[in-house]
Amino acid sequence: MAEQTSIVKCLVWDLDNTLWQGTLLEDGTVTLPGPVRELIAELDSRGILQSVASKNDHDLAWKQLEALGVAEYFVLPRIGWGPKSDSVREIATELNFALGTIAFIDDQPTERAEVQFHLPEVRCYDAEQLSELSSLPEFNPATVTVDARRRRQMYQAGFERKAAEAQFQGPSEDFLRSLELVMRIGRATEEELSRVEELTLRTSQMNATGVHYSITDLRALLADPRHEVLVTTLTDRFGPHGAVGLQLLEKHEGVWHLKLLATSCRVVSFGAGSAILRWLGDQAARAGVHLAADFRQTERNRMMEIAYRFAGFTDEPCDCRAQLPAPAQEEVQRLHLSPAPSDPPPTMELHAVSLQGV
């Protein structure tokens with residue numbers, strides 16, 4: 001265990017004599033200890049997902065979890081009579097999590113051994129360790145972002161969205177319209193900075209320059225009146241997608257300089273990047289300024305260049321570039337968009353701050 005220091009992303013629970021006290025099919029009634037209830041809520045608040053792998057009658061066990069008031073905390077539960085290693089593997093696969101980020105807790109040594117034998121990367125814990133679980137380093141993320149605190153709700157909404165898409169009959173654009181997407185663009189708050197930093201660190205396919213910004217850097221930009229640090233969030237009828245985009249904008253007299261555009265890969269299919277660029281272009285046009293954007297090609301961000309081109313950005317000569325300092329890196333292209341209001345995105349409602357007159 002000393003060599004496994006990565007943060008647990010999902011804890012899979014056994015039920016009988018682990019999550020609750022008693023054996024459901026033998027005792028008929030079981031109890032949920034207060035400290036266990038508190039642990040479930042605490043891990044959830046840290047952004048650690050939780051699931052179930054239990055040998056039990058599915059309907060009875062799930063009904064009991066609902067009666068105890070904790071069913072909502074568990075995603076992708078596997079309750080049946082098959083090997084628990086199969087259940088744990090299925091949960092990890094559907095979550096798209098590496099097995100090394102999964103933990104399993106069970107009171108039975110044989111069940112832990114079975115999981116450990118077939119899935120040696122999974123970290124296994126005895127139910128007797130429940131009282132110490134929340135203090136272990138692997139259950140303590142260094143930072144807990146705004147989105148991490150609602151990670152479970154985001155995943156649950158994602159499962160519902162995926163199921164609805166599988167059943168939908170018709171063009172993909174019609175499905176997007178049915179989602180009732182609402183995009184919000186606003187100035188970043190101090191509370192959002194850790195998530196903003198995470199976006200610059202973890203987004204590679206949809207990062208226009210590949211540049212990463214620390215919280216210290218972002219905080220300094222927030223304090224600079226010439227800069228706008230904008231965060232994009234997305235919701236639909238199933239629930240929140242969380243923070244899905246970041247825009248760093250420096251304002252000059254005749255041109256706004258888009259230093260960084262980064263969007264989450266999971267909203268590419270919704271056209272989020274194009275919607276953001278069209279809104280920024282519209283804001284610049286209303287202010288009567290050009291919009292210049294930095295782009296540095298990497299091995300993974302070809303899609304971002306395509307988004308810029310479709311939004312009307314070109315690399316043709318323009319006097320607006322003369323107002324901007326030379327790029328810090330030679331390979332950075334500086335694209336520009338002349339003032340021209342654009343139509344609103346066709347598949348989503350957009351609510352945003354106004355940048356006119358700044």
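Through how many residues does a hairpin join strand 7 to strand 8? In this predicted model, the hairpin linking strand 7 to strand 8 runs through 2 residues. The two strands are antiparallel, and 10 bridges join them. Strand 7 spans residues 227–236, and strand 8 covers residues 239–251. One of the paired positions is L230, whose bridge partner in strand 8 is Q247.

Strand 8 also pairs with strand 9, which comprises residues 255–263. The pairing is again antiparallel. It extends over 7 bridges. Here L249 stands opposite L258 of strand 9. A second hairpin makes this connection, joining strand 8 to strand 9 through 3 residues. Strand 8 thus has hairpin links to strand 7 and to strand 9. Strand 8 is also mostly covered. Of its 13 residues, 12 are buried.

A separate description applies to the sheet built from strands 1 to 5. This sheet is open and holds 5 strands. Their order is 3-2-1-4-5, with parallel pairing. Strand 3 (78–80) and strand 5 (123–126) lie at the edges. Each of these edge strands pairs on one side only. From one strand to the next, the twist averages 20 degrees. Within the sheet, strand 1 (residues 10–13) and strand 4 (residues 102–106) run parallel. They are joined by 4 bridges. V12 has F104 of strand 4 as its bridge partner.

Attention then turns to the surface. L25, L60 and W81 make a nonpolar surface patch. The area of this patch is about 350 Å². L60 belongs to helix 3, which runs over residues 58–67. The relative accessible area of L60 is 46%, so this residue is classed as partly exposed. Patch membership requires over 30% relative accessible area, and L60 at 46% meets that requirement.

Confidence was examined last. The protein chain has an average pLDDT of 87. A score of at least 70 is reached by 91% of the residues. Strand 1 has the highest confidence in the chain, at 98. The lowest confidence falls in strand 12 (residues 348–352), where the mean is 69. Where pLDDT is low, predicted coordinates should not be read in detail.

Methods
Residues numbered from 1 in each chain as written. Predicted model: local features only at pLDDT ≥ 70, side-chain atom pairs only at ≥ 80, totals over all residues. Heavy atoms only, no water. Patch = residues over 30% accessible without salt bridge, like charges linked within 9 Å, V, L, I, M, F, W, Y side chains within 5 Å. Areas by Shrake-Rupley, 256 points an atom, 1.4 Å probe, with all protein chains shown as cover. Salt bridge = Lys/Arg side-chain N within 4 Å of Asp/Glu carboxyl O. Buried < 20%, exposed > 50% of the residue type's maximum accessible area, 1.4 Å probe, protein only. Pairing = 2+ DSSP bridges. Axes fitted to C-alpha atoms, helices over the stretch in contact; angles between N-to-C directions. pLDDT = per-residue confidence, 0-100.
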